[in-house]
Amino acid sequence: MSVQRVAVLLNEPIGTISPYLHGEFAEHLGECIYPGIWVGEDSPIPNIGGIRKDVVDALRPLQIPVLRWPGGCFADAYHWRDGIGTREKRPLRLNYHWGMAPEPNHFGTHEFIAFCRLIGAEPYIVGNVGSGTPAELRDWVEYCNFGGDSALANERRANGAKEPFRVRFWGVGNENWGCGGNMHPEYYAELFCRYRTFLFNYSDTPVHAIACGAAGNDWDWTWKFLNSLRRKGWSRRHLVQSLAAHYYCGTAGTATEYTTEQWTELLCKAKAIEGILIGHRTVMDELDPEQKISLIIDEWGAWHPVEPGKPGSGLYQQNTVRDALVAALTLDIFHRHCRQIFMGNIAQLINVLQSLLLVQEDKCIKTPTYYVWQLYAPHKGAQAVRFETLADTLSDGGAVRDFCRQQYLQKEPFSLQRIEGSASVNENTLCVTLCHTHPEQPAELEVQVLGATVSQAEAVFLTADDIHAHNTFEHPERVKPSEPQTVRVEDNRLYLTVPAASVIRIMGKLSS
Ligand code: AHR
């Protein structure tokens, strides 16, 4: 069995892990909102004011920090007034981007806020730039956030919400280089400034404006957008609080059928998000060296071919132990780079792309990705410390690896032999999360802890005996975390055997 060595350097703090790095995204797309979240008050499915109770019960313990809504591409075709007032009177629209599906507008602003409150998430609303107007977006902010006397605030009260919603995060369009209007970065920069000028702050809720960032490794978009702002007079920089890129690692094979080569290919592409993050931050730093504008990646994850029998526009896919590793690799990268990235939102919450939950009629199951969110939760708000892999880096992944390296500025090649991970400290608790990506071989792992004494530690594993394993409505617990196991601690080194294809979390007690 191979021996893998990693080191955790407690004397080398990186920064605080923004809880928003564990964010989520829910779009009016396929079965995410209907019936993933909303079934209506009259549904036989148990609900809280129309919102599925099983979904709330599953999500609340995760304490998801932020939820992005209503899209995605949907956002730039959405008119918020369609989704307020008496539900029966709301207009039936078409979901233009997603198969012209009927959109009843029963889940609108009030329902979204109610859902966020039920699961404990902060709302992040994406405004319509592609087919909307600055006044429409200005009014939405006032409707949500103004606590005083105005027609819009009073309309919100008449619709049942006495207190303002206090929405801080506002996206100014989505993918405006594509489905949000097919714009050039300079043109979008003009529009961004125009829209942003009218996003006013109300009472205690200053707007945190999120500009549309690049797709994948389109460094040009990042540069040209920020440079346009600079050309206007860099004082305009105060208008943009964050720039949000998107990166989907895509697929290799299908969601549930893949060879070991395809297993490696997908993980290699997932690891490429590290280069994306570093690349955009490097471009941003040239124009904004004080890092006043933060980087967000508000759509990421695996994108597999749609599940057979489901509509192509619904983006419904299964989720295996391979997807759990995609999620874990990504969160570990975010933690290690927590000084460079402020928020991350996996796509999407329920029934769409790399979801946390799958629901069908009155059933709700947790995916392997859900369990990564659960296991990685102690990192939120903790101090990230340096994590190093000491093992020799053997090359795997061949052509894909080289492609990823060149395209995405990866510093290190992806290797199945290399355990990836991150580490953080919260008071006297150490949390180390690791990805052992080899699909067949377990490994002996040694974690060397430097800078404090570890008195005891326990580990939890998320894995399965088959790399294609996933949860179904018939077998909902095929993939779930193991019971905690005591870890052998000797000379401040932790020793454990890690199964092939596994996500591992170690929690340790520290004394200095
Ligand atoms: O998440 C699905 C879609 O992917 C979103 O609507 C869009 O922003 C992206 O292209």
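1. A few notes as you look through this one, starting with the overall fold. The protein chain has eleven helices and 24 strands. Its radius of gyration is 23 Å, close to the 24 Å that the globule rule gives for 512 residues, so the chain is as compact as a globular protein of that length. Along the principal axes, the C-alpha atoms fill a box of roughly 65 × 55 × 45 Å. Of the 512 residues, 60% count as buried. Please keep in mind throughout that this is a predicted model.

2. The ligand site is a good place to go next. There are 14 residues around the ligand, and those that come nearest are Glu 27, Cys 73, Glu 175, Tyr 248 and Glu 299. By character, the shell divides into seven nonpolar, four polar and three charged residues.

3. Polar contacts to the ligand deserve a close look, and three can be named here. Cys 73 takes part through its backbone: a polar backbone atom of this residue is 2.8 Å from an oxygen atom of the ligand. Glu 299 uses its side chain, with a polar atom 2.8 Å from a ligand oxygen. Asn 174 also offers a polar side-chain atom, which lies 3.1 Å from an oxygen atom of the ligand. As for cover, the ligand taken alone exposes 280 Å², and the protein buries 93% of that.

4. Now to the strands towards the end of the numbering. Strand E24 spans residues 502-511, and seven of its ten residues are buried, so this strand is largely enclosed by the rest of the structure. Which strands pair with E24? One of them is E18 (residues 429-436), which runs antiparallel to E24 over eight bridges; within E18, Cys 435 stands opposite Val 503 of E24. Another is E20 (residues 453-462), also antiparallel to E24, with nine bridges. In that pairing, Ala 459 of the model faces Ile 506 in E24. When you inspect the side chains here, it may help to recall that in a regular strand they alternate between the two faces of the sheet.

5. Two peptide bonds are worth checking by eye. A cis peptide bond joins Tyr 34 and Pro 35, with omega about 5 degrees. Pro 35 belongs to the loop between strand E2 (23-25) and strand E3 (47-48). The other cis bond is between Trp 69 and Pro 70, where omega is again about 5 degrees. Pro 70 sits in the loop between strand E5 (66-69) and strand E6 (93-95). For context, most peptide bonds are trans.

6. Backbone angles raise two further spots. Most residues other than glycine have a negative phi. Glu 427, however, has a positive phi, near 55 degrees, and is found in the loop between strand E17 (420-426) and E18. Is Glu 427 buried or exposed? Its relative accessible area is 75%, and exposed means over 50%, so Glu 427 counts as exposed.

7. Asp 491 is the other spot to visit. Its phi is near 50 degrees, a positive value in a residue other than glycine. The residue lies in the loop between strand E22 (488-490) and strand E23 (493-498). With 71% relative accessibility, Asp 491 counts as exposed.

Terms used:
Residues are numbered from 1 along each chain as its sequence is written. This is a predicted model: local features need pLDDT of at least 70, side-chain atom pairs count only at pLDDT 80 or more; totals for chains, interfaces and linings use all residues. Side-chain values use heavy atoms; hydrogens and water are left out. A residue is near a molecule or strand if one of its heavy atoms lies within 4 Å of it. A polar contact is a pair of N or O atoms within 3.5 Å; within protein, one must be able to donate a hydrogen and the other to accept it, and residues adjacent in sequence count only if both atoms are side-chain atoms. Accessible areas come from the Shrake-Rupley method with a 1.4 Å probe; for residues, only the protein chains shown count as cover. Ala, Val, Leu, Ile, Met, Phe, Trp, Tyr, Cys and Pro count as nonpolar, Asp, Glu, Lys and Arg as charged, and the others, Gly among them, as polar. Buried means under 20% relative accessible area, exposed over 50%, partly exposed in between (1.4 Å probe, protein chains only). Helices (H or I, at least four residues) and strands (E, at least two) are DSSP runs, numbered from the N terminus. Two strands pair if DSSP finds at least two bridges between them. The radius of gyration is taken over C-alpha atoms; the globule rule is 2.2 Å times the number of residues to the power 0.38.
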